[in-house]
Amino acid sequence: MSASNQKQNPGQEAAPVSPFEGEEQTAQTASQQDEAVQPEQNLDVLLAEAQEQLAQYHEQLLRAKAETENIRRRATEDVAKARKFGIEGFAESLVPVKDSLEAALSQPDQSPEAWREGVETTLRQLAAAFERNALKEVAPAPGDKFDPHQHQAISSVPSPHPEGTVAQLLQKGYTIADRVLRPALVMVSSGQQDAQ
């Protein structure tokens, strides 16, 4: 028995000391150190995973930004091409009209009837070109309701037609795809003038 055991437990017999007691304490201390090291290792693993995920997100962001820039550039090119070649179809429709007019002028000796027939044919070609390209006439008849979106009033005159209607068409207007290209010039009825 050791003297220290006797002092601690007077009257009791001291328990035998294991030769491995020191090793157990060393093992416990080592496991405590391992537990302290493991959270550091876990943090390192989590940090590495977060950095890898961040790199993936950054790469996805760069790709999305590049794709957006490509879409913007293509849209700009498409708009420029549409402006440059947008009237191509309409121009193709007008080429035969010009050919007909030139052919008519190249004939030196024409009768008035032949001349008129040629002009009417050319006018039909022009009307067909307008129709193919959604260019429509705005030609209100006298008595039609005045539409400020498609008609332009030059003046107001007394007429047999109700007030606020078209009294006379001065010049046809045109729309292209439901958009006014040129309003029809009209005189608007102010109603019948009282006889005095």
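In which strand does H151 lie? The views below, taken from a predicted model, address this question and the surroundings of that residue.

**View 1. Overall arrangement of the predicted protein.** The protein contains 4 helices and 6 strands, and their order along the sequence is α-α-α-α-β-β-β-β-β-β. Of its 196 residues, 13% are classed as buried. The exposed area amounts to about 15,900 Å², of which 54% is supplied by carbon and sulfur atoms. Among contacts with a separation of 6 or more, 59% join residues 24 or more positions apart.

**View 2. H151 and its contacts.** H151 belongs to strand β2, which spans residues 151-157. This residue counts as buried because its relative accessibility is 9%, under the 20% limit. Beyond residues up to four places away in sequence, H151 touches V138, P140, K145, F146, V166, P183, A184 and V186.

**View 3. The largest nonpolar core.** Five residues form this core, namely V138, V166, A184, V186 and V188. Strand β6, covering residues 184-189, gives the most to the core, with 3 residues. Among the core members, V138, V166, A184 and V186 also appear in the contact list of H151.

**View 4. V186 and its contacts.** V186 is a member of the largest nonpolar core. With neighbours within four places in sequence set aside, its contacts include H151, Q152, A153, I154 and S155, residues that fall within the 151-157 span of strand β2. V186 is also in contact with P140, F146, V166, Q168, L169 and L170. Both P140 and F146 are touched by H151 as well.

Key
Residues are numbered from 1 along each chain as its sequence is written. This is a predicted model: local features need pLDDT of at least 70, side-chain atom pairs count only at pLDDT 80 or more; totals for chains, interfaces and linings use all residues. Side-chain values use heavy atoms; hydrogens and water are left out. Helices (H or I, at least four residues) and strands (E, at least two) are DSSP runs, numbered from the N terminus. Buried means under 20% relative accessible area, exposed over 50%, partly exposed in between (1.4 Å probe, protein chains only). Contact means heavy atoms within 4.5 Å. Accessible areas come from the Shrake-Rupley method with a 1.4 Å probe; for residues, only the protein chains shown count as cover. A nonpolar core is a set of buried Ala, Val, Leu, Ile, Met, Phe, Trp, Tyr and Cys residues joined through side-chain atoms within 4.5 Å.
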